[in-house]
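The following exercises concern salt bridges and the exposure of the residues that form them. Please work through each task before reading its solution.

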Amino acid sequence: MKINIKSLVGYLFIVAVSVLFMLFLDGPGGTYLVIVTVAGLFISLGILLWTKRTLSFSVKLSEDVLNKGDVLRVELTLRKRGFVPTSLIKFSFSDCMLLISDTNESYTTIIFGHDEETMEKSFKACFFGSGRTGVNKIVLSDYFDLFRYEIIDRSLISNIRIYPDIPEVSGKDSFVRSLTDAVAFDDNEETTRSADSICGTPGYEHRKYNPGDNLKLINWKLSAKRGELLVRKLEGTGNGEQLFALAFDNFHFAESQFAAEAMLGLIMNFAKAELPVRVIVFLDNNWIEREVNNTGDLQQLRYDMTSYNIFPISSSLSPEERREARKMKYPDIPDGENGVIFAPVYNETLSATLEKLMAKGTECQAAVCGGEFTDDRVRRIFLDGGNVRFSE
């Protein structure tokens with residue numbers, strides 16, 4: 001239990017005035033005033049101790065996994081036992097950098113009788129990733145605000161996950177078309193090997209054409225032979241796999257979010273065409289790899305991205321450690337692998353990374369949201385009518 005020094009000084013001043021009133025102005029009236037002031041303190045303190053023993057609470061979230069733009073409702077329910085009213089109950093709702101709300105005020109209430117009280121606050125999910133929200137802490141205080149007791153409980157705060165958006169990326173974009181065409185097989189592939197695979201021998205598997213499938217995947221020779229359109233199923237072939245890597249930057253928050261979602265939008269184009277993609281991202285403080293061969297794999301990656309947290313910097317770190325933690329991080333891309341690095345901005349670190357990869361025989365390009373560049377291996381990501389586009 002803590003003592004509020006400012007309130008204590010004010011209370012002692014009131015007691016001193018009451019004593020002076022009793023001694024020099026009105027003896028009986030002053031005596032009554034002193035008794036009420038002192039007795040009120042003890043009664044108030046007793047109610048505080050009783051509230052501490054009888055108060056219970058629960059915090060409920062409307063949901064713990066959201067899409068961007070969804071509204072999250074945080075609900076605090078306070079309950080008490082007995083007819084004695086509670087002491088002052090103060091609390092505030094906790095937000096995080098992924099959420100915004102219209103107000104940020106603290107609340108103070110008293111519960112009477114056997115009643116319970118429920119208070120709610122709404123937040124809008126504006127960014128994706130993982131965070132924590134709920135109620136910061138509950139503070140009980142007597143009516144004079146002299147003594148305070150803080151209730152810090154792990155159940156007051158809950159984890160939330162917010163899905164990233166997967167924006168529309170036009171398949172007509174020259175950059176997108178160049179990547180998908182490089183992964184898709186050429187039309188002059190031997191029919192014999194493709195036909196063998198349908199019979200169960202090693203080769204490429206096929207399925208019937210569905211509207212929206214990438215035309216590059218149609219095996220025209222086999223389709224003509226069979227009398228129906230057949231497209232290649234590329235899952236598990238391990239050939240022509242596209243590599244995407246997402247740079248990790250603790251400083252450029254909004255740009256990092258945009259770069260990540262642009263990458264997911266581009267992967268969607270590959271997933272719809274069943275073109276294999278290997279993705280390297282920084283999740284849960286580790287570099288991880290994910291294979292995406294279809295839209296189901298992409299949805300799993302999208303869920304994994306809800307643990308994306310670009311601000312894991314601890315306040316206990318020294319200034320030097322914090323500066324080191326804020327540096328942009330890039331994954332180790334194997335020698336000879338070709339791919340695209342998605343980054344929030346183009347800077348000297350990214351330029352040096354591309355040069356280092358080139359020296360190892362890796363022809364990587366970069367897609368960035370900002371920064372000045374003249375490197376022909378770098379393309380800018382921008383929005384065009386709500387759709388993601390890449391510069392020439």
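**Exercise 1.** In this predicted model, are Asp375 and Arg377 buried or exposed?

*Solution.* Begin with the contact: Asp375 and Arg377 form a salt bridge, with their closest N and O atoms 2.7 Å apart. Then consider accessibility: both Asp375 and Arg377 are buried. The term requires a relative accessible area under 20%.

**Exercise 2.** Determine where in the chain the partners Lys208 and Glu228 lie, and classify the exposure of Lys208 and of Glu228.

*Solution.* First, establish the contact: the closest N and O atoms of Lys208 and Glu228 are 3.8 Å apart. A salt bridge requires a distance within 4 Å, so this pair qualifies. Second, locate the partners: Lys208 belongs to strand β12 (residues 205-208), whereas Glu228 sits in the loop between α5 (220-226) and β13 (230-233). The two residues are 20 apart, and the pair links distant parts of the chain. Third, classify each residue: Lys208 has 54% relative accessibility and therefore counts as exposed. Glu228, at 34%, counts as partly exposed.

**Exercise 3.** Which exposure class applies to Arg389 and to Asp384?

*Solution.* The side chains of Arg389 and Asp384 meet in a salt bridge, at 3.2 Å from N to O. Arg389 has a relative accessible area of 26% and is thus partly exposed. Asp384, with 39%, is also partly exposed.

**Exercise 4.** How many salt bridges does a search of the whole structure find?

*Solution.* The search of the whole structure yields 14 salt bridges.

How values were computed
Residues are numbered from 1 along each chain as its sequence is written. This is a predicted model: local features need pLDDT of at least 70, side-chain atom pairs count only at pLDDT 80 or more; totals for chains, interfaces and linings use all residues. Side-chain values use heavy atoms; hydrogens and water are left out. Helices (H or I, at least four residues) and strands (E, at least two) are DSSP runs, numbered from the N terminus. Buried means under 20% relative accessible area, exposed over 50%, partly exposed in between (1.4 Å probe, protein chains only).
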